[in-house]
Amino acid sequence: MRKYLFGFAVVVAVVLMPSCNNGAKGDAEVEDADTIIADCDQYVRFETTMGDFVIKLYQGTPLHRHNMVRQVRKGVYDGQLFFGVERKYKIQAGDPKSKGAQAGVALGVDEENDTIPGEINPWKYYHKRGAVGQASLRQVNYSTSQQFYIITGSKTSASSFPGLETKIQKKWYNVLRDSIAQPYAAKFMEYKQKGYKNKTSVLIDKLSKQADSITQTRPVFHFSKEQIEEYTTVGGAPSLDGYYTVFGEVVEGMDVIDKISASHVDKNSRPVPDVKIIKATLIEWPESPAE
């Protein structure tokens with residue numbers, strides 16, 4: 001992904017609600033932007049200057065699903081530009097500063113103070129072609145609140161998967177150790193300022209042992225036969241699995257995603273000319289006939 005810094009997580013308090021209405025018809029109850037709809041997938045239509053596409057938001061990733069629902073209801077994505085466009089890999093959007101941005105300005109590089117706890121589940125939700133994921137910066141278990149990406153991807157050689165599995169396991173270990181170290185940030189800073197290299201080494205060793213102990217209780221990740229089949233015959237980005245939260249997939253308009261992915265881009269991977277999100281709308285799926 002591109003550059004995204006994490007602040008401390010700021011999570012909006014939410015109330016679970018057993019309703020599957022997308023709010024497309026505007027009933028009062030679902031207008032509450034801080035209500036999680038708990039028991040269903042939801043769908044968003046993105047109208048863009050290169051065509052429309054629809055994504056399904058997974059029930060199994062409620063925090064990320066609800067976050068996008070909130071952003072769509074508030075019109076956050078309307079008028080934003082795509083950036084981070086890489087042919088046969090992914091497209092990206094979700095930078096509020098992209099609205100009206102001058103040509104050539106790098107997008108997606110500012111820190112977001114609002115983050116979401118990760119819902120990473122590479123056994124179930126993975127970076128297949130058409131997958132929708134939430135960006136992050138420092139490979140830790142939080143996502144940005146707005147920047148998302150869609151995978152176009154290319155086919156992966158079957159020989160690559162053992163090495164990818166090893167990298168995922170190592171990454172999870174480092175994330176775990178960083179999470180354990182978070183409460184000791186002030187202590188690390190104190191030791192650094194005072195030049196206490198020995199104390200720093202002792203603390204790192206202690207945290208590593210804690211991470212080792214927890215890691216031993218966790219299942220080892222292996223790509224399933226189905227995942228390998230899809231990655232080798234259809235395509236995707238398996239190198240991102242375990243690093244970012246996948247929370248949806250494209251269900252209509254993948255040809256539009258491919259067109260955006262194939263755009264001519266500047267040195268900042270921003271399409272030239274700009275590709276804009278005209279409007280994002282919550283919809284029912286399949287859509288009901290017009291009345």
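Here are some exercises on this predicted model, each with a worked solution.

**Exercise 1. Find out how much of the model you can lean on, and where to be careful.**

Start with the average: the protein has a mean pLDDT of 82, and 81% of the residues score at least 70. Next, look for the weak spots. Residues 2-19 have a pLDDT below 50, though this stretch makes 71 contacts in the model beyond near neighbours in sequence. Residues 24-33 also fall below 50, with 15 contacts of that kind. Now put that to use: where pLDDT is low, the predicted coordinates should not be read in detail.

**Exercise 2. Get an overview: how many helices and strands are there, and what share of the residues is buried?**

Count the elements to begin with: the protein has six helices and 12 strands. Then turn to burial. Of the 291 residues, 47% are buried. Last, check how far apart in sequence the touching residues are: among contacts with a separation of 6 or more, 73% join residues 24 or more positions apart.

**Exercise 3. Work out which side of helix α6 faces inward, and what covers that side.**

Step one is to list the buried residues of α6, which spans residues 254-261: they are M254, V256, I257, I260 and S261. Step two is to see how they spread around the axis. Their arc is only 155 degrees, so they sit on the same side of α6. Step three is to see what lies against them. The cover includes strands β3 (42-48), β4 (51-57), β5 (83-86), β6 (90-93), β10 (148-151) and β11 (245-252).

**Exercise 4. Explore the largest nonpolar core: which residues touch the most other members, and which element gives the largest share?**

Begin with the members. This core has 27 residues, and F46, I55, M68, Y77, F82 and F148 touch the most other members. Then ask where the residues come from. Two or more come from each of β3, β4, α1, β6, β10, β11, α6 and β12 (277-283). The largest share is four residues, and α6 gives it. There is also another core apart from this one, with 18 residues, including Y126, I151, W172 and A237.

Now zoom in on M68. Leaving out residues up to four places away in sequence, M68 touches F46, I55, L57, Y77, F148 and F247. As background, nonpolar side chains tend to be buried together in soluble globular proteins.

**Exercise 5. Compare two aromatic pairs, F46 with Y77 and Y58 with Y125: is each one stacked or tilted?**

There are 14 aromatic pairs in the structure. For each pair, you need the distance between ring centres and the angle between planes.

Take F46 and Y77. Their centres are 6.0 Å apart and their planes meet at 55 degrees, so this pair is tilted. F46 is in strand β3 and Y77 is in the loop between α1 (62-73) and β5, so to speak two distant parts of the chain, 31 residues apart. Both rings belong to buried residues: F46 has a relative accessible area of 0%, and Y77 also comes out at 0%.

Now take Y58 and Y125. Here the centres are 4.4 Å apart with 15 degrees between the planes, and the pair is stacked. This pair links distant parts of the chain too: Y58 is in the loop between β4 and α1, Y125 in the loop between β7 (115-117) and β8 (131-134), 67 residues apart. Y58 is buried at 8%, and Y125 is buried at 11%.

For a bigger group of rings, find W123, Y126, F161, F221, F223 and Y231, which form one aromatic cluster. And for a charge over a ring, look at K199, which lies over the face of Y196, 4.6 Å from the ring centre.

**Exercise 6. Hunt for unusual backbone geometry: where is the cis peptide bond, and what is phi at K88 and S269?**

Know the usual case: most residues other than glycine have a negative phi, and most peptide bonds are trans.

- The cis bond joins V272 and P273, with omega about 0 degrees; P273 is in the loop between α6 and β12.
- K88 has a positive phi near 55 degrees. K88 sits in the loop between β5 and β6, and is exposed at 60% relative accessible area.
- S269 has a positive phi of about 60 degrees. S269 belongs to the loop between α6 and β12, and is buried at 18%.

Definitions and conventions: Residues are numbered from 1 along each chain as its sequence is written. This is a predicted model: local features need pLDDT of at least 70, side-chain atom pairs count only at pLDDT 80 or more; totals for chains, interfaces and linings use all residues. Side-chain values use heavy atoms; hydrogens and water are left out. Buried means under 20% relative accessible area, exposed over 50%, partly exposed in between (1.4 Å probe, protein chains only). The arc is that of the directions from the helix axis to the C-beta atoms. Contact means heavy atoms within 4.5 Å. Rings of Phe, Tyr and Trp (its six-membered ring) pair if their centres lie within 6.5 Å; planes under 30 degrees apart count as stacked, over 60 as edge-to-face and the rest as tilted. A charge sits over a ring if NZ of Lys or CZ of Arg is within 6 Å of the ring centre and within 35 degrees of the ring normal. pLDDT is the predictor's confidence in each residue, from 0 to 100. A nonpolar core is a set of buried Ala, Val, Leu, Ile, Met, Phe, Trp, Tyr and Cys residues joined through side-chain atoms within 4.5 Å.
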